[in-house]
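Here is a short note for a colleague who is opening this structure for the first time. Please read the points with the model on screen.

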Amino acid sequence: MRQVFIKREGNPRLLLFFSGWGSDERLFTRPVMEGYDYLLCFDYSCLDFDYSLLEGYQEIRLMAWSMGVWVASQVLQGRDYPWQLRLAVNGTPVPVDDERGIPEVIFQGTLANFSEPVLARFRRRICGTAEGVKEFLSYAPYRSVESLQEELAALYREVKERPIAPFEWDMAYVGTRDKIFPPAAQCRAWEQRAAVVTVEAEHYDAGVFNRLLIGEEELWTKR
């Protein structure tokens, strides 16, 4: 796993963000909330995590998106940190599942047929609109098709081998237009596990992420 400080100023509080599959630091290098350092995690070809980077912070806001929700659940389970809020966005702790995540046949099909055209279609689906795709591509990760396929394969292996992590989340944002993690599946996955907030958003929604990153309090308040 890559862990990169996008902002490191010696602040007492930390924004810890687990991005989704296929990301790099370009996608979420955006303005962030005042008074917080900002650590971004991505590239889950290997799940090794440097816990020393979290030491010394008085408060930590955790945010995870898409497959990053599962990764964060796995690497942070059993760890006691001063969580301010743990927020999942368009993802679940059971990411490859017919009822609570991405249907198995779809995940397997994407992996088996992965190519440049498949990646292009995937990006159109996560953004939903031509305008959304254009915005996404302005921050598109500098990752090769080969590296993205390797990461996807590694994630699939790990998801199938590891049990569901008993990590607690406070709140889950569910995008009503998500075409990757079906909204109904997300809602089932979070039943009795976290407060669910539905938002009119695609799987990747720049407006929602920008508001979360700058720390808009309405979005960071448990419902």
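**Salt bridges, a helix pair and some single residues**

1. Start with R162, which is partly exposed, at a relative accessible area of 31%. Bear in mind throughout that this model is predicted. The partner of R162 in a salt bridge is E158, and their closest N and O atoms lie 2.7 Å apart. E158 is partly exposed too, with a relative accessible area of 25%. That value falls between the limits of 20% for buried and 50% for exposed, so E158 takes the middle label.

2. How many salt bridges does a search of the whole structure find? The count is 13. The pair R162 and E158 is one salt bridge to look at; two others follow here, R177 with E200 and E216 with R211.

3. R177 and E200 join their side chains in a salt bridge, with 3.7 Å from N to O. Where do the two residues sit? R177 is in the loop between β6 (171-175) and α6 (183-190). E200 is in the loop between β7 (195-199) and α7 (206-213). The pair therefore ties together parts that are 23 residues apart in sequence.

4. The two ends of that bridge carry separate labels. R177 is partly exposed, at 34% relative accessibility. E200 is exposed, with a relative accessible area of 66%. The cut-off for exposed is over 50%, which is why E200 gets that label. Please also check the surroundings of this pair: R177, K179, E200 and E202 are linked in a network of salt bridges.

5. Next, E216 and R211. Their side chains meet in a salt bridge, with 2.7 Å from N to O. E216 is partly exposed, with a relative accessible area of 26%. R211 is partly exposed as well, at 33%.

6. Now the helix pair. Helix α3 (residues 116-127) packs against helix α4 (residues 130-137) at an angle of about 115°, and the axes are 8 Å apart. α3 is therefore roughly perpendicular to α4. The crossing of the two, α3 and α4, is right-handed.

7. Which residues make the contact between α3 and α4? From α3 come R123, R124, I126 and C127. From α4 come G132, V133, F136 and L137. Sorted by class, the contact of α3 with α4 has five nonpolar residues, one polar and two charged.

8. D37 belongs to strand β3 (residues 36-42). Is D37 buried or exposed? It is buried, at 1% relative accessibility. The cut-off for buried is under 20%, so D37 meets it.

9. D37 has a list of contacts beyond its neighbours within four places in sequence. Among them are F5, K7, R8, E9, G10 and N11. R13, L14, L15 and Y57 are also in contact with D37. Y57 is 20 residues from D37 along the chain, and their C-alpha atoms are separated by 9.3 Å.

10. Last, two backbone angles to inspect. Most residues other than glycine have a negative phi. D43, a residue other than glycine, has a positive phi near 60°. D43 is in the loop between β3 and β4 (59-65). S66 also has a positive phi, near 60°. S66 is placed in the loop between β4 and α1 (67-76), and it is buried, at 8% relative accessibility.

How values were computed. Residues numbered from 1 in each chain as written. Predicted model: local features only at pLDDT ≥ 70, side-chain atom pairs only at ≥ 80, totals over all residues. Heavy atoms only, no water. Axes fitted to C-alpha atoms, helices over the stretch in contact; angles between N-to-C directions. Helix = DSSP H or I, 4+ residues; strand = E, 2+ residues; numbered from the N terminus. Parallel < 35°, antiparallel > 145°, perpendicular 65-115°, else oblique. Left-handed = near helix turned anticlockwise from the far one by under 90°. Contact = heavy atoms within 4.5 Å. Nonpolar A, V, L, I, M, F, W, Y, C, P; charged D, E, K, R; others polar. Salt bridge = Lys/Arg side-chain N within 4 Å of Asp/Glu carboxyl O. Buried < 20%, exposed > 50% of the residue type's maximum accessible area, 1.4 Å probe, protein only.
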